Amino acid sequence: MAFFSDAVVAIAITLLAIELRVPQGDSVAELAAGFAANWNQYLAFLISFAVIARHWTLHHRVFRYVGRASTGVIWLNMAWLLLIVVTPFMTRVIEEGHLGLARFGVYALAQSLQVGVFALMVALVAHQRAFVPGTPEHLRRRGWVLPVVTGIGFLTSVPLVPLVGPWAFALWAVIPAVLGRILPATGVIGRT
C-alpha cells in the first residue's frame, strides 16, 4: 500500500508541472516578461508542490511503521489518494480568475478534508494495533494530532483571505511549523 501510494503521489506532483505555461520570447527581457505574466501560475504550482510534499511526508512517516492494513485503512488510503490526485485540478482553481474567498476556500477545504481523512486513517491503524513493534509511542497514541494541526492551518486561513489576501497561504506553513514545535516541547507529540 505504501509503494502504491508513493507512486500515485509522484504522478500527482508531476501533473502539477504539465500545465505550466512556457514563457515566450528569445531575449532575456522577453522571457522575464513571460515569467512575470504567469507569476500566479508559478506561485500556485510551488504552493501545491509544497502541499503535496507535506501530505506525502506525513504519510511516509506513519506508514513506515504500519505492519498490516485492514480493508477500512485501505479505503481511507484510497480516499486520501483521491484527494491527492485532485490537487492539480484544485491548483488550477486557485491560479485562474481572482483569488478570492471562494477559490481559496475551496482549495483550503479540500486540503483540510485530506488531512482529516489521513488523521482518521492513523487513528484506525492505532485502534487496530496495526503498528509494528518499535513504533514510537507518540505515533501509536497520538499520531493523528499532527495531521489535525495541519488541517487547522488550512481552515484558519480561510476567513483571513479578505483581510490579508494571498498572504493567507503563509498560514498553511506557519501554523503547522509553530505548533509542530510547541507540541513536541509539551509532550503532546514526540519528535520525529
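**Thr91 and Ser48**

Begin by selecting Thr91 and Ser48 in this predicted model. The side chains of the two residues form a polar contact, at a distance of 2.5 Å. Thr91 belongs to helix α4. Is Thr91 buried or exposed? The relative accessible area of Thr91 is 4%, and the residue counts as buried because that value lies under 20%.

Next, display the surroundings of Thr91. Leaving aside residues up to four places away in sequence, Thr91 touches Leu16, Ala44, Phe45, Ser48 and Tyr107.

**The pair α3 and α4**

Now select residues 39-63, which form helix α3, together with residues 71-95, which form helix α4. The axes of these helices lie 8 Å apart, and the packing angle is about 165°. α3 is therefore roughly antiparallel to α4. The crossing of the two helices is right-handed.

To see which residues build this contact, colour the two sides separately:

- On α3, select Asn40, Gln41, Ala44, Phe45, Ser48, Ile52, His55, Trp56, His59 and Phe63.
- On α4, select Val73, Asn77, Trp80, Ile84, Thr87, Thr91, Ile94 and Glu95.

Thr91 and Ser48, the starting point of the tour, are both included in this contact. How many residues of each class does the contact of α3 with α4 have? There are nine nonpolar residues, eight polar residues and one charged residue.

**From α3 to α5**

Keep α3 in view and add helix α5, residues 101-127. Here the axes come within 11 Å and cross at roughly 5°. The angle is under 35 degrees, so α3 is roughly parallel to α5.

The following residues make the contact:

- On α3: Ser48, Val51, His55, Leu58, His59, Val62 and Phe63.
- On α5: Tyr107, Gln111, Gln114, Val115, Phe118, Met121 and Val122.

Sorted by class, the residues of this contact comprise nine nonpolar and five polar, with no charged residue. Ser48 appears on the α3 side of this contact, and Ser48 is also among the α3 residues that meet α4.

**Gln114**

Select Gln114, which lies in α5. Is Gln114 buried or exposed? Gln114 has a relative accessibility of 0% and counts as buried. Which residues does Gln114 touch, not counting residues up to four places away in sequence? They are His55, Trp80, Leu83, Ile84 and Thr87. Of these, His55 is one of the α3 residues in the contact with α4, and Trp80, Ile84 and Thr87 are among the α4 residues there.

**Phe4 in α1**

Move towards the N terminus and select Phe4, in helix α1, which covers residues 2-18. Phe4 is partly exposed, with a relative accessible area of 45%. Add Met78 and Leu81 to the selection: Phe4 touches both, residues up to four places away in sequence being left out. Phe4 and Leu81 are 77 residues apart along the chain, and their C-alpha atoms are separated by 9.7 Å.

**Arg129, in a loop**

Select Arg129 next. The residue sits in the loop between α5 and α6, the latter spanning 137-142. Arg129 is exposed, with a relative accessible area of 73%. The backbone also deserves inspection: phi of Arg129 is near 50°, a positive value in a residue other than glycine.

**The pair α7 and α9**

Proceed to helix α7, residues 145-157, and helix α9, residues 171-186. Their axes come within 8 Å and cross at roughly 145°. The crossing of α7 with α9 is right-handed.

Show the side chains that make the contact:

- From α7: Val145, Val149, Thr150, Ile152, Gly153, Phe154, Thr156 and Ser157.
- From α9: Leu171, Trp172, Ile175, Pro176, Leu179 and Leu183.

By class, this contact has ten nonpolar residues and four polar residues, and none that is charged.

**The whole chain**

Finally, return to the full view. The chain has nine helices and zero strands. Its C-alpha atoms fill a box of roughly 60 × 35 × 30 Å along the principal axes. Of the 192 residues, 43% count as buried. Among contacts with a separation of 6 or more, 76% are between residues 24 or more positions apart.

Terms used. Residues are numbered from 1 along each chain as its sequence is written. This is a predicted model: local features need pLDDT of at least 70, side-chain atom pairs count only at pLDDT 80 or more; totals for chains, interfaces and linings use all residues. Side-chain values use heavy atoms; hydrogens and water are left out. Axes are lines fitted to C-alpha atoms, for helices over the stretch in contact, and angles run from 0 to 180 degrees between N-to-C directions. Helices (H or I, at least four residues) and strands (E, at least two) are DSSP runs, numbered from the N terminus. Angles under 35 degrees count as roughly parallel, over 145 as roughly antiparallel, 65 to 115 as roughly perpendicular and the rest as oblique. A crossing is left-handed if the near helix is turned anticlockwise from the far one by less than a right angle, and right-handed if clockwise. Contact means heavy atoms within 4.5 Å. Ala, Val, Leu, Ile, Met, Phe, Trp, Tyr, Cys and Pro count as nonpolar, Asp, Glu, Lys and Arg as charged, and the others, Gly among them, as polar. Buried means under 20% relative accessible area, exposed over 50%, partly exposed in between (1.4 Å probe, protein chains only). A polar contact is a pair of N or O atoms within 3.5 Å; within protein, one must be able to donate a hydrogen and the other to accept it, and residues adjacent in sequence count only if both atoms are side-chain atoms.
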